[in-house]
Amino acid sequence: MATSVKKTSSNGISSPPASPVSGNRIVTLDEFIIRSEKDFDFATGELTGLLRDIGVAAKIINREVNKAGLVNIIGVADSGENQSGDMQQKLDVYANDKLIECLKNSGECCAIASEENDDIIHIPPIGTKKNHYVVMFDPLDGSSNIDVNVSVGTIFAIYRRKSDPSAPATKEDFLQAGVKQVAAGYVLYGTSTILVYTTGRGVNGFTLDPSIGEFCLSHRNMRIPENGATYSVNQGYYSKFDLEMRRYIDNCSDQNYGLRYIGSMVSDIHRILIQGGIFLYPSTRKYPKGKLRLLYECNPLSMIVEQAGGKAMNTQLKRILDVVPNELHQRCTIAIGSPAMVDELKAFIERYSALPL
Ligand code: P6P
């Protein structure tokens, strides 16, 4: 098989390889991951194992999300609030537990950070094996939508640890800029269940076929449209936005863009990845630094969007993937989507921002 040459452009994004498979036959996630393994810099099978274990957890979570209305698993968990202050939905807790369980069994991951846990979760090595990866995730993003049957998602990011592999993981293994992610992805539990991921060589989507219980390649080498005709923001906060954001939103309205906002970031980003558009979560009075989490929401979704040809920045015009975090649950502002729309917003911010950028 021809080996694809890794070509990296100036911003560190390598061009996608020729797909490892061709034709219209069913290609499962497992097969695709294994066939793509030669493209990983550290092709030791560890990352392959991690991605496959996340796929298993996604199937288990999907089973419960799909029947949430039928069993006593929706509604608020007995455990009350998580560290973010969000009321923990029972499915959040279930999804969190399943992801941790699958990653513990994988024997490839040395530690985990989750939106649902205050601190990192150490995973003891199996035998003398040294594990080289850490995984961060939001187990069920948008979970407040569960009770009203609106789509929700799992978001994950995988990094290579920096610390001594013979010692426990440290916070520094997690506090790495998003540009250091070796893989990122999401699972969208919607009208169908789709897993979308990247290892820095393009973006591919796999739709779950319940009849065979496999994620099957359905969206090969996803590319975001250069431009779009929809913007995605919680318009209810309009009066609390800074002037430059209000001017840009006014411009979207003047250009007759449609407003699409599901309140579930994975759903909004997935739509934008396919149809084009821009998603905004600027600073508000309640969240002056933005609401969304850098490590396990914005970084993984930004890697995916950039790998698909899009852009992602904060409202201080800094590339999201270049932000160096200083705490696990750090929040950030974000503008992400079609490159032409992100560039248009950048021009508005430069023109109307009252603050030095
Ligand atoms: P708001 C869900 O709680 C979430 O973290 C994202 O999935 C979503 O985009 C955002 O918050 C919605 O926040 O303030 O508009 O309800």
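**Exercise 1. Surface and fold**

Task: State how much area the chain exposes and what share of it carbon and sulfur atoms supply.

Solution. The exposed area of the chain is about 15,100 Å². Carbon and sulfur atoms supply 50% of that area. Keep in mind that this is a predicted model.

Next, take burial. The chain has 357 residues, and 56% of them are buried. The cut-off for that label is under 20% relative accessible area.

Then list the secondary structure. There are seven helices and 17 strands.

Finish with the contacts. Consider those with a separation of 6 or more. Residues 24 or more positions apart account for 65% of them.

**Exercise 2. Two asparagines with positive phi**

Task: Find where N149 lies, then decide whether N149 is buried or exposed.

Solution. Start with the backbone. N149 is not a glycine, yet its phi is positive, about 65°. Now place the residue. N149 sits in the loop that runs between β5 (133–141) and β6 (152–160). Last, check accessibility. The relative accessible area of N149 is 73%. Exposed means over 50%, so N149 is exposed.

Task: Repeat the steps for N221: which loop holds it, and what is its relative accessible area?

Solution. The phi of N221 is also positive, at about 50°, and N221 is not a glycine either. The loop in question lies between β10 (214–219) and β11 (230–232). The relative accessible area of N221 is 32%. That value falls between the cut-offs of 20% and 50%, so N221 counts as partly exposed.

**Exercise 3. The ligand site**

Task: Work out how many residues surround the ligand and which are the closest.

Solution. The shell holds 13 residues. The closest are D141, Y237, Y261, M265 and Y281. Sort the shell by class: six residues are nonpolar, four are polar and three are charged.

Task: Give the distances from oxygen atoms of the ligand to side-chain atoms of N234, K291 and E297, then the share of ligand area that the protein covers.

Solution. Go residue by residue.

- N234: a polar side-chain atom is 2.9 Å from a ligand oxygen.
- K291: a side-chain N or O atom is 3.0 Å from an oxygen atom of the ligand.
- E297: a side-chain N or O atom lies 3.3 Å from a ligand oxygen.

Now the coverage. On its own, the ligand has 400 Å² of accessible area. The protein covers 83% of it.

Terms used:
Residues are numbered from 1 along each chain as its sequence is written. This is a predicted model: local features need pLDDT of at least 70, side-chain atom pairs count only at pLDDT 80 or more; totals for chains, interfaces and linings use all residues. Side-chain values use heavy atoms; hydrogens and water are left out. Helices (H or I, at least four residues) and strands (E, at least two) are DSSP runs, numbered from the N terminus. Buried means under 20% relative accessible area, exposed over 50%, partly exposed in between (1.4 Å probe, protein chains only). Contact means heavy atoms within 4.5 Å. Accessible areas come from the Shrake-Rupley method with a 1.4 Å probe; for residues, only the protein chains shown count as cover. A residue is near a molecule or strand if one of its heavy atoms lies within 4 Å of it. A polar contact is a pair of N or O atoms within 3.5 Å; within protein, one must be able to donate a hydrogen and the other to accept it, and residues adjacent in sequence count only if both atoms are side-chain atoms. Ala, Val, Leu, Ile, Met, Phe, Trp, Tyr, Cys and Pro count as nonpolar, Asp, Glu, Lys and Arg as charged, and the others, Gly among them, as polar.
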